Amino acid sequence: CGPAPPLPSVTPFSRTPGFSYDMSATPSAPSFLTENPAGDGGLLGVDAGPRLTGPTPSQSRFQVDLVSEAGAAAEDRSPSSDGSATAQEGPATDPGAGGEEAKGRFRVVNFADPSEAGSAASPEGGAPGEGLQNGDTVMSETSLHSSTGGQHHYHYDTHTNTYYLRTFGHNTIDAVPNIDFYRQTAAPLGEKLIRPTLSELHDELDKEPFEDGFANGDELTPAEESAAKEAADSKGVVKFGWIKGVLVRCMLNIWGVMLFIRMSWIVGQAGVALSCLIVAMASVVTTITGLSTSAIATNGFVRGGGAYYLISRSLGPEFGGSIGLIFAFANAVAVAMYVVGFAETVVELLKGVDAIMTDEINDVRIIGTITVILLLGISVAGMEWEAKAQIFLLFVLVTAIVNYFIGSFISVKAKEPAGFFGYDGSILWENMGPDFRGETFFSVFSIFFPAATGILAGANISGDLSDPQMAIPKGTLLAILITGIVYLGVAVSTGACIVRDASGSLNDTVSSQFMTNCSDAACKFGYDFSTCKSSKDGCTYGLQNDFQVMSLVSGFGPIITAGIFSATLSSALASLVSAPKVFQALCKDNIYPGLGMFAKGYGKNNEPLRGYILTFGIALAFILIAKLNTIAPIISNFFLASYALINFSVFHASLANSPGWRPSFKYYNMWVSLAGAILCCVVMFVINWAAALLTNVIVMGLYIYVSYKKPDVNWGSSTQALTYHQALTHTLHLSGVEDHIKNFRPQCLVMTGYPNSRPALLDLVHTFTKNVGLMICGHVRTGYRRPNFKDLANDQARYQRWLLRNETKGFYTAVFAEDLRQGSQYLLQAAGLGRLKPNTLVLGFKNDWRDGDMMNVETYISMIHDAFDFQFGAVILRLREGLDVSHIQGQDELLSSQEKSSGMKDVIVSIDTSKDSDAESSKPSSKATNDDEESKAPTQPLLKKDKKSPSMPLNVSDQRLLEASQQFRQKQGKSTVDVWWLFDDGGLTLLIPYLLTNKKRWSDCKIRVFIGGKINRIDHDRRAMATLLSKFRIDFSDITVLGDINTKPKKEHVTAFEEMIEPYRLKEDDMDQDVAERLKNSEPWRITDNELELYRAKTNRQIRLNELLQEHSSTANLIVMSLPLARKGAVSSALYMAWLEVLSKDLPPILLVRGNHQSVLTFYS
């Protein structure tokens, strides 16, 4: 290799405090990293010969290579020159790992500078297998059990010198744009690479790079994984170009049996003009569909599954799944149609030589069955054989068509009795108009239309095309053009040289003296076929009567017979291949769970053998019908339903205006596609309204089934895009409309913390906001020295999924903040969007307010004041047992729902360990996993939370708390919701119970209203309230006027209250004024003597109200009561908290409500 070129000097890193550098020694020369797991001449493609020095941009990249065998990885070498540092011992290669484990590994390979190849030649470097490592790039491996399921990632220690890891000359691991970063899987076109994550490039150096497995959340779905596996096994797979794969298939499928044995009959029935119209109408439908197919096929990489793949990836699994099943079935029935066409021709031949086996119908069945068995054999032999057979059949078919046109110019005397006289204007004129006999225009159209339905034959084998994006548009549209021209040519040609009726008898010549009575075009040529027309049996020849007219006209009859065989067999073969391929793709996506067995493929081409057998069975059943004109309309409807949806897909995707919809095929128009979809639906009903109705019922039935099953797939369909587009449009539109009192809805910001930590709060609010108003679960996360915003984003997605799984219609929003109040202010200001913003703050009651730091009470009360400052209503829910269950679930279930990584095994974060606190923050308190929970209540029954989680003993209070937390999920029995509407807050106190009792769960509960009044005006007040409620159209069962609210409470209750507030009093009269002021400033929650005296009456009212509540509402299912207000800055938080405590203690569930004093009810229409 020659001497090594001089090396740049490398300065060793000095150890900086706070950072650790994983380097064993200072290198004197770089070693060159090579890797060749596959033995293909070296992954890096480095030549050992002399090179120019200096890095080349294209040769230094950040790259990932899929390592397929651990054994091969173990043979990597790391040669280095004399002074090279010994490679560190490390698990950079793992020769002991099993092959299966190694398959899923990704290794990051940073290209070193190829100019240093010469320096890597010395044999005195580190021993083989010491690890992929050198002085400049320290490589380590971490096994991170992240959401990817424990993928192993090899990564470079970015702390060390990356001199040789350059992207166009800069010392960076930032990667240049590369197609391989954008692949979904290890697709057939190349391997997927993973670009450096934002964290690797942006985070501080003490953070671990490669924390999160796949860079962009590109976890593979099961379907993609199987596609990746197929791609890995795809050596030697047969792939077709646009001619062999699409053009040939489409032409063969379109030129079916109809061309030879029904086209002439159609001309006889409809006439030349209307026949051309029929061909043109069919061509318009197929051309529009061809354009739409081309647009979808060029909007991204197309896999196997044809029409099903195109529709499902555009419109989503609901439409895709329903049409995929129908399309596969239609193709299976099409096999029967083409085989019956073939069998009919064979029977005609047998009849000609008197060789009928039983009778005509049964002969068709026998021959059809034998034929379909042979075709199955060719299909099962593989795509290669099938493709060769198709080319041969096309050659025969084209020869037959040419043979017909040549024959039409050769006038033969012997053929005249059968009605063929050569091209003549009078014959063309006579055949120009229609002559329907037992048919109508649309019935004739329905028989012709299946002849145009082969346009998806190429798209159906999209998985077997080398470049589907180019092949499908080119081949499909060219096939439609060529076949359309040929159909028109045959229609005009037959109409211009063959009469409608002929006897086939030479005796029907007419002499010149009788010419005056003869008016037919045949008279001109000396024939009069009027006798057979008028006879009972009718004529047997001519366009109307003889299906084999084209054989008669052609230059050499048997070639036409061969053409019929070729057309029917090739179309049958194409359909027999299409149906299983489409069905296999459908089954792979697992949309219909019971059909998974048909997804299995065999051989290098992944042939769906089970699908072939199923298709064969369906085809055989329809072959037994043995009537071509019965089978054709059935298929027409199924194909048209598919075409309609393909056209609709393009319209829908264009309408959704998604940035992902950018087909490279530009010759489409959304409105033309919509017209095509409507046209397809119209044609369906025209052909056979009953069959069309049945088809639509089947499609809708399958659609509803798939919608109900909700398959776990996300294909970025246009349905998603349109939903977003509509939501955005409506939200913007809503923002431009002023609020109206009639449209008021309670839109609640519920301070739940983690949504599963306060189930009762969530359930109750969800009951009255479901399908009525907005619910946002607010979560303030505090106590973090350095907030991890990445975790916040992950939790956002995780808990939103949790809400959806629990069928809770709401949103989860979390914020990091210094304390709970600051976080709640963030949420009050920023939660929501436009008019979809909260207007009511919902809190849990702070049951433990006397146990902890009183500054928490200050924060809690301040949140209520803030809500009023922001013009929000406030709602507080209190349950006797408490709300917060996170200390029960927190150890196992809550954490498993948070899906913590295995790196957290030793320490778990217990969420909100203070029981029944309202604090929506989650302060991480490290708690050893082996907490002795049993010590709480060793004798209590075990509560099994989950099959997987271990059972935990619960003490009595926890057991009660858990039961109470579920109470709003159950149907509420015949009881009451007591509304204590003491102060008019705009009507929110009345609206919430009304909304609750409208729901099924609360429908048996009656509303009882309690109001304050004067003893001497009780009847008057009751009547006034009844009038108001009836005007509001709110049902109530009873109104109670309380005249004794201002009566003094019982002495023992007052004493109990004073004892409760004793620890929180300032007692400023017993100390110096300065000392009192300092204490009040440092502890603002303290109750002054002055304020206690000032609000004595209000205090007594709260105590008295609790007595009245105990007396009147102790059996209610829910109490809804006006929340007492405290003037900000005048009433200390401890006193206000004491009021709420004494008002709501020892009662059934109580909801303290205070609106923002804007009317939310009106009696005007």
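Helices, of at least four residues, and strands, of at least two, are DSSP runs numbered from the N terminus. On that basis the chain holds 37 helices and 20 strands. The model is a predicted one. Buried residues account for 52% of the 1165 residues in the chain. Contacts reach far along the sequence. Among those between residues at least 6 apart, 79% join residues at least 24 apart.

Start with the open sheet. It is built from 10 strands in the order 9-8-7-10-11-20-19-16-17-18, and the pairing is mixed. Its edges are strand 9 and strand 18 (1038-1042), each of which pairs on one side only. On average, neighbouring strands of this sheet are turned by 20° against each other, direction ignored.

Now take the end of the order that begins with strand 9. Strand 9 covers residues 811-816 and pairs with strand 8 in the parallel sense over 6 bridges. One point of register is R781, whose bridge partner in strand 9 is F816. On to the next pairing. Strand 7 (residues 748-751) and strand 8 also run parallel, joined by 4 bridges. Here V750 stands opposite C777 of strand 8. Strand 7 pairs in turn with strand 10 (residues 840-844), again in the parallel sense, over 3 bridges. In this pairing C748 faces T840 of strand 10.

How is strand 7 connected to strand 8? Helix 24 (residues 759-769) is the link: strand 7, helix 24 and strand 8 make a right-handed β-α-β unit. A second helix belongs to this part of the sheet. Helix 25 (residues 789-805) lies across strand 8 and strand 9 and runs at about 160° to strand 9. An angle over 145 degrees counts as roughly antiparallel, so helix 25 and strand 9 are roughly antiparallel.

Next, the burial of these strands. In a regular strand the side chains alternate between the two faces of the sheet. Which residues of strand 8 lie on each side, and are they buried or exposed? On one side are M775, C777, H779 and R781; on the other are I776, G778 and V780; all are buried. Both faces of strand 8 are thus covered. Because 7 of the 7 residues of strand 8 (residues 775-781) are buried, the strand is largely enclosed by the rest of the structure. Strand 7 is likewise covered on both faces. C748 and V750 are buried on one side, and L749 and M751 are buried on the other.

Move to the part of the order that holds strands 19 and 16. Strand 16 (residues 976-980) and strand 19 (residues 1118-1122) pair in the parallel sense over 4 bridges. W980 stands opposite M1121 in strand 19. Helix 36 (residues 1096-1112) spans several strands here. It lies across strand 16, strand 17 (1006-1012), strand 18, strand 19 and strand 20 (1150-1154). Its direction is about 155° to that of strand 16.

Helices also pack against each other. Two packed helices are described by the angle between their axes and the distance between the axes. For helix 26 (residues 820-830) and helix 27 (residues 854-869), the axes come within 9 Å and cross at roughly 20°. The two helices are therefore roughly parallel to each other. Their crossing is right-handed. Helix 26 makes the contact through L820, R821, S824, Q825 and L828, and helix 27 through T859, S862, M863, D866 and A867.

Finally, look at three loop residues. E807 sits in the loop between helix 25 and strand 9. Its phi is near 55°, a positive value in a residue other than glycine. Is E807 buried or exposed? Exposed residues are those over 50% relative accessible area, so E807 counts as exposed at 65%. R1033 lies in the loop between helix 32 (1018-1031) and strand 18. R1033 too is not a glycine, yet has a positive phi of about 60°. With a relative accessible area of 55%, R1033 is exposed.

The third residue is G660, in the loop between helix 20 (628-656) and helix 21 (670-687). G660 has a relative accessible area of 43% and is therefore partly exposed. What separates G660 from S718 in space? The two are 58 residues apart along the chain, and their C-alpha atoms are separated by 9.2 Å.

Methods. Residues numbered from 1 in each chain as written. Predicted model: local features only at pLDDT ≥ 70, side-chain atom pairs only at ≥ 80, totals over all residues. Heavy atoms only, no water. Buried < 20%, exposed > 50% of the residue type's maximum accessible area, 1.4 Å probe, protein only. Pairing = 2+ DSSP bridges. Right-handed = clockwise from strand over helix to strand, strands pointing away. Axes fitted to C-alpha atoms, helices over the stretch in contact; angles between N-to-C directions. Parallel < 35°, antiparallel > 145°, perpendicular 65-115°, else oblique. Left-handed = near helix turned anticlockwise from the far one by under 90°. Contact = heavy atoms within 4.5 Å.
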